[in-house]
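Hi there,

Here is the structure I promised to pass on to you. Have a look at it first, and then read my notes below.

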Amino acid sequence: MTSLAERARHLLNTNFYSEPNLPERVKKLRLDPPALGQYVLRCPILIPGKQMNIPDDLAWCENLVDESLRYQNDSVGVDQPFAYLTVRHGLVESRTDDEFHVDGFSTKVPHIPEQNYIWTDTCPTEYVAAALPVPHDFDPRRHNIQHFIQDSLPNDTRIEQLDAETVYAMDPYVPHRRPRVSQGTRRTFVRLSMTPIPIDDRNNHVNPAFGPITSEYDGVADFRDKLERYPVVR
Ligand SMILES: [Fe+2]
């Protein structure tokens, strides 16, 4: 089994799926989210040439950012030039997160993997420690890795759950999902993504300190939804 630090030193590739990869526990942490709901998708807080900037309405995430940066520096040992904050605080809405998936697997350009630091107040993230060898004719630029993971997980795979109110680090090699929750569930989820390349996506949140988004690119519509389902033979 490899560590986040070891995997961080290789270009993103499908070989690391042949062994189970685990989320790494960073720290138990209390956060104090606002009373009202808040939904923020990939707000940039770090870009090259600027001081880190956390907008005022995300100041309650500062401790998570600090602890994550400490872990990134001390345990992962890779400086990433970009960081983005995602918050889903309020009624559970998203419909795709409750399928097993990985975050940040994109091979459009060769790059080292990103690291994601996640925290939930309740209904913590589920994950699987499964070996999922990827066939040689699987082409990540053509085939959808998320569907491959869902289709190749053995039926008897044991589903593990993280602890609530705890920061964990993971990378694009750790399959995970939001647990299925009943309608009307309130949940707070925070993710800090530290990435080697910019995520230029028109759906990103605007950080006023860094100016408006100029990209027309839509990562879901322009790329993910065009990928094919690799035919997994069981
Ligand atoms: Fe995820």
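In this predicted model, C123 counts as partly exposed because it has 19 C-beta neighbours inside 10 Å, and a residue needs 20 or more to be buried. You will find C123 in the loop between β4 and β5. What caught my eye there is the backbone: C123 has a positive phi of about 45°, although it is not a glycine. Most residues other than glycine have a negative phi.

E165 is another residue to look at. Its phi is also positive, about 50°, and E165 is not a glycine either. This residue sits in the loop between β6 (159–161) and β7. E165 counts as partly exposed because there are 15 C-beta neighbours inside 10 Å.

Now follow the chain into β7. Is this strand enclosed or open to the outside? Four of its five residues are buried, so β7 is largely enclosed by the rest of the structure.

You can also see β7 in the open sheet, where six strands are arranged in the order β1-β7-β4-β9-β3-β2 with antiparallel pairing. The edges are β1 and β2; each has a single partner strand, so one side of each is left without a neighbour in the sheet. From one strand to the next, the twist averages 15°.

Here are some pairings you can trace on screen:

- β1 (residues 24–28) pairs with β7 in the antiparallel sense over four bridges, and K27 has V167 of β7 as its bridge partner.
- β4 pairs with β7, also antiparallel, over three bridges; here I118 stands opposite Y168 in β7.
- β4 is joined to β9 by six bridges, and these two run antiparallel. The bridge partner of T120 in β9 is F189.

Finally, the core. How many residues does the largest nonpolar core have? It has 40, and those with the most contacts inside it are L64, L85, Y117, A169, V190 and L192. Several elements give two or more residues to this core, among them α2 (62–76), α3 (145–152), β4 (115–120), β7 (166–170) and β9 (186–195).

Y117 is a good place to start exploring. Leaving out residues up to four places away in sequence, Y117 touches V26, L64, S68, V167, A169, R191 and L192. Two of the names in that list, L64 and A169, may look familiar, since they also appear among the core residues with the most contacts.

Enjoy looking around, and write back with any questions!

Best wishes

How values were computed
Residues are numbered from 1 along each chain as its sequence is written. This is a predicted model: local features need pLDDT of at least 70, side-chain atom pairs count only at pLDDT 80 or more; totals for chains, interfaces and linings use all residues. A nonpolar core is a set of buried Ala, Val, Leu, Ile, Met, Phe, Trp, Tyr and Cys residues joined through C-beta atoms within 7 Å. A residue is buried if 20 or more other C-beta atoms lie within 10 Å of its own, exposed if 12 or fewer, and partly exposed in between; C-beta atoms are placed from the backbone. Two residues are in contact if their C-beta atoms, placed from the backbone, lie within 7 Å. Two strands pair if DSSP finds at least two bridges between them. Axes are lines fitted to C-alpha atoms, for helices over the stretch in contact, and angles run from 0 to 180 degrees between N-to-C directions.
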